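Thanks for coming. I have one structure to go through today, and I will keep it short.

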Amino acid sequence: MDDRVILRVGTKVLSPFILLFALYVQFHGDYGPGGGFQAGVIFAAVFVLYALVFGLERAMKVMPAKVAYACGALGVALYLGVGYLSMFRGGEFLNYSYLFDPEHDPTHGQHYGIIGVELGVLVTVFGVMVALFYAFAGRRRIDT
Amino acid sequence: MTESMVQIVDVVLLVLLAITGIAVIRTRNLFVAVMLAGIYSLISAGLFVVMDAVDVAFTEAAVGAGISTVLLLCTLALVGYKESKPQHTTILPLFIVIVTGGVLVYGTAEIPPFGEPDNPAHQNVAAHYIHDSGDEIGHIPNVVTSVLASYRGYDTMGETAVIFTAMVGVLLLLSRGSLPKRVYHAGHWHKVKRGMTREDLIAEMEDEEAHDSTVVGGEGEEDG
(Lines give C-alpha, C1' and ligand atoms only; values in the text may rest on other atoms or scores of the structure.)
Protein backbone atom coordinates (compact mmCIF):
# COMPACT_ATOMS: atom_id res chain seq x y z
CA MET A 1 0.00 0.00 0.00
CA ASP A 2 1.29 3.45 -0.84
CA ASP A 3 1.42 6.47 1.44
CA ARG A 4 -0.84 8.91 -0.40
CA VAL A 5 -3.17 9.15 2.56
CA ILE A 6 -4.90 12.36 1.54
CA LEU A 7 -5.82 10.98 -1.89
CA ARG A 8 -7.08 7.69 -0.50
CA VAL A 9 -9.09 9.16 2.35
CA GLY A 10 -10.32 12.00 0.15
CA THR A 11 -11.56 9.56 -2.48
CA LYS A 12 -13.38 7.45 0.10
CA VAL A 13 -15.00 10.49 1.72
CA LEU A 14 -16.01 12.14 -1.57
CA SER A 15 -17.27 9.07 -3.46
CA PRO A 16 -20.71 8.78 -1.81
CA PHE A 17 -21.31 12.50 -2.26
CA ILE A 18 -20.40 12.33 -5.96
CA LEU A 19 -22.79 9.38 -6.37
CA LEU A 20 -25.49 11.37 -4.61
CA PHE A 21 -24.78 14.36 -6.82
CA ALA A 22 -25.16 12.12 -9.88
CA LEU A 23 -28.61 11.08 -8.65
CA TYR A 24 -29.46 14.74 -8.00
CA VAL A 25 -28.43 15.59 -11.58
CA GLN A 26 -30.54 12.66 -12.81
CA PHE A 27 -33.75 13.54 -11.01
CA HIS A 28 -33.30 17.30 -11.18
CA GLY A 29 -33.18 17.12 -14.99
CA ASP A 30 -36.87 18.07 -15.07
CA TYR A 31 -36.24 21.33 -13.26
CA GLY A 32 -32.77 22.47 -14.30
CA PRO A 33 -29.77 21.43 -16.35
CA GLY A 34 -29.01 17.73 -16.15
CA GLY A 35 -30.42 14.39 -17.17
CA GLY A 36 -29.41 10.83 -17.82
CA PHE A 37 -26.34 11.52 -19.90
CA GLN A 38 -24.62 13.87 -17.47
CA ALA A 39 -25.65 11.80 -14.47
CA GLY A 40 -24.29 8.64 -16.09
CA VAL A 41 -20.93 10.27 -16.71
CA ILE A 42 -20.72 11.56 -13.12
CA PHE A 43 -21.72 8.13 -11.80
CA ALA A 44 -18.97 6.52 -13.88
CA ALA A 45 -16.47 9.18 -12.78
CA VAL A 46 -16.65 7.81 -9.22
CA PHE A 47 -15.38 4.41 -10.37
CA VAL A 48 -12.75 6.01 -12.60
CA LEU A 49 -11.52 8.02 -9.61
CA TYR A 50 -11.53 4.87 -7.47
CA ALA A 51 -9.50 3.00 -10.09
CA LEU A 52 -6.99 5.85 -10.41
CA VAL A 53 -6.39 5.99 -6.65
CA PHE A 54 -6.73 2.34 -5.57
CA GLY A 55 -5.73 0.57 -8.77
CA LEU A 56 -7.69 -1.12 -11.52
CA GLU A 57 -7.79 -4.51 -9.81
CA ARG A 58 -9.60 -3.23 -6.73
CA ALA A 59 -11.94 -1.13 -8.84
CA MET A 60 -12.87 -4.23 -10.82
CA LYS A 61 -13.77 -5.97 -7.58
CA VAL A 62 -16.09 -3.11 -6.64
CA MET A 63 -17.56 -2.79 -10.13
CA PRO A 64 -16.82 -5.92 -12.20
CA ALA A 65 -16.30 -5.32 -15.91
CA LYS A 66 -19.11 -7.76 -16.74
CA VAL A 67 -21.58 -5.68 -14.70
CA ALA A 68 -20.51 -2.58 -16.64
CA TYR A 69 -21.03 -4.38 -19.98
CA ALA A 70 -24.43 -5.58 -18.80
CA CYS A 71 -25.39 -2.03 -17.77
CA GLY A 72 -24.41 -0.76 -21.22
CA ALA A 73 -26.89 -3.16 -22.83
CA LEU A 74 -29.53 -2.97 -20.10
CA GLY A 75 -30.04 0.78 -20.48
CA VAL A 76 -30.78 0.50 -24.19
CA ALA A 77 -33.17 -2.37 -23.42
CA LEU A 78 -34.91 -0.22 -20.79
CA TYR A 79 -35.31 2.65 -23.24
CA LEU A 80 -36.70 0.33 -25.91
CA GLY A 81 -38.87 -1.34 -23.27
CA VAL A 82 -40.58 1.96 -22.41
CA GLY A 83 -41.10 2.53 -26.14
CA TYR A 84 -42.65 -0.90 -26.71
CA LEU A 85 -44.73 -0.66 -23.55
CA SER A 86 -46.38 2.53 -24.78
CA MET A 87 -46.93 0.75 -28.12
CA PHE A 88 -48.61 -2.25 -26.47
CA ARG A 89 -50.77 0.11 -24.41
CA GLY A 90 -52.29 1.35 -27.67
CA GLY A 91 -50.17 4.36 -28.59
CA GLU A 92 -47.27 4.87 -30.96
CA PHE A 93 -43.75 3.68 -30.20
CA LEU A 94 -42.31 5.99 -27.49
CA ASN A 95 -45.62 7.86 -27.07
CA TYR A 96 -45.57 7.85 -23.28
CA SER A 97 -49.04 9.37 -22.98
CA TYR A 98 -50.42 5.83 -23.32
CA LEU A 99 -48.35 4.36 -20.47
CA PHE A 100 -51.25 5.14 -18.13
CA ASP A 101 -54.85 5.88 -18.97
CA PRO A 102 -54.53 8.59 -21.65
CA GLU A 103 -58.19 9.61 -21.34
CA HIS A 104 -57.66 10.57 -17.74
CA ASP A 105 -54.37 12.50 -17.88
CA PRO A 106 -51.77 11.97 -20.65
CA THR A 107 -49.11 14.00 -18.78
CA HIS A 108 -49.07 11.34 -16.07
CA GLY A 109 -47.74 8.81 -18.58
CA GLN A 110 -45.37 11.38 -20.07
CA HIS A 111 -43.91 12.02 -16.66
CA TYR A 112 -43.15 8.36 -15.95
CA GLY A 113 -42.08 7.74 -19.54
CA ILE A 114 -39.45 10.46 -19.31
CA ILE A 115 -38.20 9.10 -15.98
CA GLY A 116 -37.98 5.63 -17.57
CA VAL A 117 -36.02 6.61 -20.65
CA GLU A 118 -33.74 8.95 -18.67
CA LEU A 119 -32.99 6.01 -16.38
CA GLY A 120 -32.17 3.95 -19.47
CA VAL A 121 -29.78 6.66 -20.69
CA LEU A 122 -28.17 6.84 -17.22
CA VAL A 123 -27.58 3.08 -17.04
CA THR A 124 -26.17 2.86 -20.58
CA VAL A 125 -23.89 5.88 -20.27
CA PHE A 126 -22.63 4.69 -16.88
CA GLY A 127 -21.91 1.17 -18.14
CA VAL A 128 -20.27 2.33 -21.36
CA MET A 129 -18.06 4.94 -19.67
CA VAL A 130 -16.81 2.42 -17.10
CA ALA A 131 -16.31 -0.23 -19.80
CA LEU A 132 -14.37 2.21 -21.99
CA PHE A 133 -12.17 3.20 -19.07
CA TYR A 134 -11.50 -0.44 -18.18
CA ALA A 135 -10.69 -1.23 -21.82
CA PHE A 136 -8.21 1.65 -22.08
CA ALA A 137 -6.65 1.30 -18.63
CA GLY A 138 -6.52 -2.51 -18.77
CA ARG A 139 -4.03 -2.51 -21.60
CA ARG A 140 -1.38 -1.91 -18.97
CA ARG A 141 -2.12 -2.23 -15.30
CA ILE A 142 -2.35 1.02 -13.33
CA ASP A 143 -0.06 0.33 -10.39
CA THR A 144 -0.48 2.41 -7.30
CA MET B 1 -25.87 40.74 -17.02
CA THR B 2 -25.85 43.73 -19.32
CA GLU B 3 -25.06 43.37 -23.00
CA SER B 4 -21.57 44.89 -22.72
CA MET B 5 -20.65 42.63 -19.78
CA VAL B 6 -21.67 39.59 -21.80
CA GLN B 7 -19.47 40.83 -24.63
CA ILE B 8 -16.48 41.27 -22.30
CA VAL B 9 -16.93 37.71 -20.95
CA ASP B 10 -17.29 36.42 -24.52
CA VAL B 11 -14.09 38.12 -25.67
CA VAL B 12 -12.10 36.92 -22.63
CA LEU B 13 -13.29 33.31 -23.07
CA LEU B 14 -12.64 33.33 -26.83
CA VAL B 15 -9.12 34.76 -26.35
CA LEU B 16 -8.38 32.08 -23.74
CA LEU B 17 -9.77 29.48 -26.16
CA ALA B 18 -7.50 30.71 -28.95
CA ILE B 19 -4.44 30.76 -26.66
CA THR B 20 -5.16 27.20 -25.49
CA GLY B 21 -5.68 26.03 -29.06
CA ILE B 22 -2.36 27.50 -30.21
CA ALA B 23 -0.59 26.07 -27.16
CA VAL B 24 -1.95 22.57 -27.97
CA ILE B 25 -0.48 22.84 -31.49
CA ARG B 26 2.87 24.23 -30.33
CA THR B 27 3.69 21.78 -27.56
CA ARG B 28 5.63 18.57 -28.28
CA ASN B 29 4.83 17.15 -24.83
CA LEU B 30 1.69 15.05 -25.21
CA PHE B 31 0.90 15.17 -21.48
CA VAL B 32 0.77 18.97 -21.69
CA ALA B 33 -1.33 18.71 -24.86
CA VAL B 34 -3.89 16.43 -23.17
CA MET B 35 -4.17 18.71 -20.14
CA LEU B 36 -4.58 21.76 -22.38
CA ALA B 37 -7.27 19.93 -24.37
CA GLY B 38 -9.12 19.41 -21.09
CA ILE B 39 -8.82 23.13 -20.32
CA TYR B 40 -10.06 23.87 -23.86
CA SER B 41 -13.18 21.81 -23.14
CA LEU B 42 -13.72 23.62 -19.85
CA ILE B 43 -13.49 27.04 -21.52
CA SER B 44 -15.92 25.83 -24.22
CA ALA B 45 -18.28 24.81 -21.43
CA GLY B 46 -17.99 28.35 -20.06
CA LEU B 47 -18.89 29.74 -23.49
CA PHE B 48 -21.97 27.48 -23.63
CA VAL B 49 -23.06 28.81 -20.24
CA VAL B 50 -22.77 32.38 -21.54
CA MET B 51 -24.99 31.33 -24.48
CA ASP B 52 -27.56 29.94 -21.99
CA ALA B 53 -27.00 26.35 -23.19
CA VAL B 54 -26.43 24.98 -19.69
CA ASP B 55 -27.32 21.39 -20.57
CA VAL B 56 -24.70 21.34 -23.33
CA ALA B 57 -22.18 23.04 -21.02
CA PHE B 58 -22.78 20.38 -18.39
CA THR B 59 -22.15 17.58 -20.90
CA GLU B 60 -19.06 19.30 -22.30
CA ALA B 61 -17.57 19.73 -18.83
CA ALA B 62 -18.32 16.14 -17.77
CA VAL B 63 -17.34 14.35 -20.99
CA GLY B 64 -14.92 16.73 -22.73
CA ALA B 65 -12.97 17.91 -19.71
CA GLY B 66 -13.50 14.83 -17.53
CA ILE B 67 -13.83 11.40 -19.13
CA SER B 68 -12.00 12.04 -22.41
CA THR B 69 -9.03 13.55 -20.56
CA VAL B 70 -8.80 10.38 -18.45
CA LEU B 71 -9.08 8.14 -21.53
CA LEU B 72 -6.37 10.15 -23.31
CA LEU B 73 -4.13 9.89 -20.23
CA CYS B 74 -4.66 6.09 -20.26
CA THR B 75 -3.59 6.11 -23.90
CA LEU B 76 -0.50 8.19 -23.06
CA ALA B 77 0.49 5.59 -20.47
CA LEU B 78 0.78 3.17 -23.41
CA VAL B 79 2.34 5.33 -26.11
CA GLY B 80 4.60 7.66 -24.09
CA TYR B 81 4.66 11.41 -23.62
CA LYS B 82 6.91 12.55 -26.45
CA GLU B 83 5.60 13.51 -29.86
CA SER B 84 8.06 12.70 -32.65
CA LYS B 85 9.03 15.44 -35.08
CA PRO B 86 6.72 15.60 -38.11
CA GLN B 87 8.18 14.01 -41.24
CA HIS B 88 6.48 16.38 -43.69
CA THR B 89 6.42 20.15 -44.14
CA THR B 90 3.54 22.01 -42.54
CA ILE B 91 2.86 24.37 -45.46
CA LEU B 92 0.07 22.37 -47.13
CA PRO B 93 -1.85 21.67 -43.86
CA LEU B 94 -1.48 25.34 -42.89
CA PHE B 95 -2.84 26.38 -46.30
CA ILE B 96 -5.83 24.02 -45.96
CA VAL B 97 -6.57 25.24 -42.41
CA ILE B 98 -6.40 28.90 -43.46
CA VAL B 99 -8.69 28.34 -46.47
CA THR B 100 -11.20 26.32 -44.38
CA GLY B 101 -11.14 28.91 -41.61
CA GLY B 102 -11.61 31.70 -44.14
CA VAL B 103 -14.65 29.93 -45.66
CA LEU B 104 -16.14 29.41 -42.19
CA VAL B 105 -15.66 33.07 -41.25
CA TYR B 106 -17.18 34.06 -44.61
CA GLY B 107 -20.12 31.77 -43.79
CA THR B 108 -20.82 33.54 -40.49
CA ALA B 109 -21.79 36.65 -42.47
CA GLU B 110 -24.98 34.80 -43.51
CA ILE B 111 -25.82 33.52 -40.00
CA PRO B 112 -28.70 35.45 -38.38
CA PRO B 113 -27.72 37.46 -35.29
CA PHE B 114 -27.48 35.51 -32.02
CA GLY B 115 -30.59 35.54 -29.83
CA GLU B 116 -32.90 37.46 -32.22
CA PRO B 117 -36.54 36.37 -31.71
CA ASP B 118 -37.32 36.24 -35.46
CA ASN B 119 -34.43 33.88 -36.29
CA PRO B 120 -35.38 30.82 -38.41
CA ALA B 121 -34.55 28.55 -35.45
CA HIS B 122 -37.35 30.14 -33.43
CA GLN B 123 -39.96 30.05 -36.20
CA ASN B 124 -40.93 26.37 -36.47
CA VAL B 125 -41.45 23.98 -33.56
CA ALA B 126 -39.59 25.96 -30.87
CA ALA B 127 -42.55 28.23 -30.18
CA HIS B 128 -44.82 25.19 -29.93
CA TYR B 129 -42.47 23.53 -27.42
CA ILE B 130 -42.33 26.65 -25.25
CA HIS B 131 -46.09 27.34 -25.36
CA ASP B 132 -47.58 23.86 -25.22
CA SER B 133 -45.09 21.51 -23.59
CA GLY B 134 -46.59 22.34 -20.20
CA ASP B 135 -49.98 20.97 -21.27
CA GLU B 136 -48.70 18.13 -23.47
CA ILE B 137 -45.81 16.74 -21.43
CA GLY B 138 -46.68 17.98 -17.98
CA HIS B 139 -45.27 20.78 -15.95
CA ILE B 140 -41.57 20.18 -16.50
CA PRO B 141 -39.85 23.55 -16.12
CA ASN B 142 -36.81 22.46 -18.17
CA VAL B 143 -38.18 22.36 -21.72
CA VAL B 144 -34.87 20.85 -22.88
CA THR B 145 -35.76 17.66 -21.00
CA SER B 146 -39.27 17.58 -22.56
CA VAL B 147 -37.78 17.97 -26.03
CA LEU B 148 -34.93 15.49 -25.54
CA ALA B 149 -36.84 12.73 -23.79
CA SER B 150 -40.33 13.02 -25.27
CA TYR B 151 -40.72 15.12 -28.44
CA ARG B 152 -37.36 13.86 -29.74
CA GLY B 153 -37.50 10.48 -28.03
CA TYR B 154 -36.41 8.72 -31.23
CA ASP B 155 -33.26 10.86 -31.47
CA THR B 156 -32.30 10.19 -27.87
CA MET B 157 -32.94 6.47 -28.36
CA GLY B 158 -30.57 6.58 -31.35
CA GLU B 159 -27.97 8.41 -29.26
CA THR B 160 -28.21 5.79 -26.53
CA ALA B 161 -27.81 3.05 -29.13
CA VAL B 162 -24.77 4.87 -30.59
CA ILE B 163 -23.12 5.03 -27.15
CA PHE B 164 -23.77 1.31 -26.72
CA THR B 165 -22.31 0.65 -30.18
CA ALA B 166 -19.21 2.64 -29.21
CA MET B 167 -18.72 0.33 -26.25
CA VAL B 168 -19.07 -2.77 -28.43
CA GLY B 169 -16.57 -1.37 -30.93
CA VAL B 170 -13.97 -0.42 -28.33
CA LEU B 171 -14.33 -3.77 -26.57
CA LEU B 172 -13.86 -5.65 -29.86
CA LEU B 173 -10.70 -3.64 -30.60
CA LEU B 174 -9.12 -3.29 -27.16
CA SER B 175 -10.55 -5.84 -24.76
CA ARG B 176 -8.48 -8.90 -23.99
CA GLY B 177 -11.61 -11.04 -23.87
CA SER B 178 -11.56 -14.65 -22.69
CA LEU B 179 -8.98 -17.22 -23.77
CA PRO B 180 -9.77 -19.82 -26.45
CA LYS B 181 -9.74 -23.55 -25.58
CA ARG B 182 -6.42 -24.18 -27.34
CA VAL B 183 -3.74 -22.09 -29.01
CA TYR B 184 -1.49 -23.04 -31.94
CA HIS B 185 2.08 -21.97 -31.33
CA ALA B 186 5.51 -23.09 -32.58
CA GLY B 187 4.28 -26.11 -34.50
CA HIS B 188 1.77 -27.66 -32.08
CA TRP B 189 -1.39 -27.02 -30.11
CA HIS B 190 -1.35 -25.85 -26.50
CA LYS B 191 -4.33 -26.78 -24.39
CA VAL B 192 -5.53 -23.93 -22.18
CA LYS B 193 -6.09 -25.29 -18.70
CA ARG B 194 -8.88 -24.15 -16.41
CA GLY B 195 -8.14 -20.97 -14.47
CA MET B 196 -5.09 -20.22 -16.59
CA THR B 197 -4.32 -16.53 -17.18
CA ARG B 198 -2.93 -15.14 -20.39
CA GLU B 199 0.43 -14.57 -18.69
CA ASP B 200 0.58 -18.25 -17.58
CA LEU B 201 -0.10 -19.38 -21.13
CA ILE B 202 2.57 -17.10 -22.63
CA ALA B 203 5.08 -18.24 -19.98
CA GLU B 204 4.31 -21.91 -20.73
CA MET B 205 4.70 -21.37 -24.47
CA GLU B 206 7.99 -19.51 -23.96
CA ASP B 207 9.26 -22.31 -21.70
CA GLU B 208 8.49 -24.90 -24.35
CA GLU B 209 10.04 -22.76 -27.06
CA ALA B 210 13.25 -22.40 -25.07
CA HIS B 211 13.24 -26.17 -24.43
CA ASP B 212 12.67 -26.90 -28.14
CA SER B 213 15.48 -24.61 -29.25
CA THR B 214 17.98 -26.29 -26.91
CA VAL B 215 16.95 -29.67 -28.35
CA VAL B 216 17.43 -28.35 -31.90
CA GLY B 217 20.79 -26.86 -30.87
CA GLY B 218 21.84 -30.23 -29.45
CA GLU B 219 21.03 -32.01 -32.72
CA GLY B 220 23.09 -29.43 -34.58
CA GLU B 221 26.11 -30.20 -32.42
CA GLU B 222 25.74 -33.92 -33.06
CA ASP B 223 25.71 -33.29 -36.83
CA GLY B 224 28.86 -31.18 -36.50
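I will take chain A as a whole, then turn to one helix of chain B.

Keep in mind that this is a predicted model. Chain A is helical: it has 5 helices and 0 strands. Read from one end of the sequence to the other, the pattern is α-α-α-α-α. The radius of gyration of chain A is 18 Å, and the globule rule gives 15 Å for 144 residues, so this chain is more spread out than a compact globule. Along the principal axes, its C-alpha trace spans about 65 × 30 × 20 Å.

Next, burial and contacts. Of the 144 residues in chain A, 50% are buried. If we take the contacts in chain A with a separation of 6 or more, 59% are between residues 24 or more positions apart.

On the surface, chain A exposes about 7,100 Å², and carbon and sulfur atoms supply 67% of that area. As for charge, chain A carries 10 positive and 10 negative side chains. The centres of those two sets lie 21 Å apart.

Now the helix in chain B, which is α6, residues 143-151. Which of its residues are buried? They are Thr145(B), Ser146(B), Val147(B), Ala149(B) and Ser150(B). And what covers them? The cover includes elements from both chains: α4 (65-88) and α5 (106-137) of chain A, along with α5 (125-136) and α7 (153-174) of chain B.

One last detail, at the start of α6(B): a side-chain oxygen of Asn142(B) comes to within 3.2 Å of the backbone nitrogen of Val144(B).

That is what I have.

Definitions and conventions: Residues are numbered from 1 along each chain as its sequence is written. Chains are lettered from A and ligands numbered from 1 in the order in which they are written. This is a predicted model: local features need pLDDT of at least 70, side-chain atom pairs count only at pLDDT 80 or more; totals for chains, interfaces and linings use all residues. Side-chain values use heavy atoms; hydrogens and water are left out. Helices (H or I, at least four residues) and strands (E, at least two) are DSSP runs, numbered from the N terminus. The radius of gyration is taken over C-alpha atoms; the globule rule is 2.2 Å times the number of residues to the power 0.38. Buried means under 20% relative accessible area, exposed over 50%, partly exposed in between (1.4 Å probe, protein chains only). Contact means heavy atoms within 4.5 Å. Accessible areas come from the Shrake-Rupley method with a 1.4 Å probe; for residues, only the protein chains shown count as cover. Lys and Arg count as positive and Asp and Glu as negative; His and the chain ends are not counted. The place of a charge is taken as NZ of Lys, CZ of Arg, CG of Asp or CD of Glu. A polar contact is a pair of N or O atoms within 3.5 Å; within protein, one must be able to donate a hydrogen and the other to accept it, and residues adjacent in sequence count only if both atoms are side-chain atoms.
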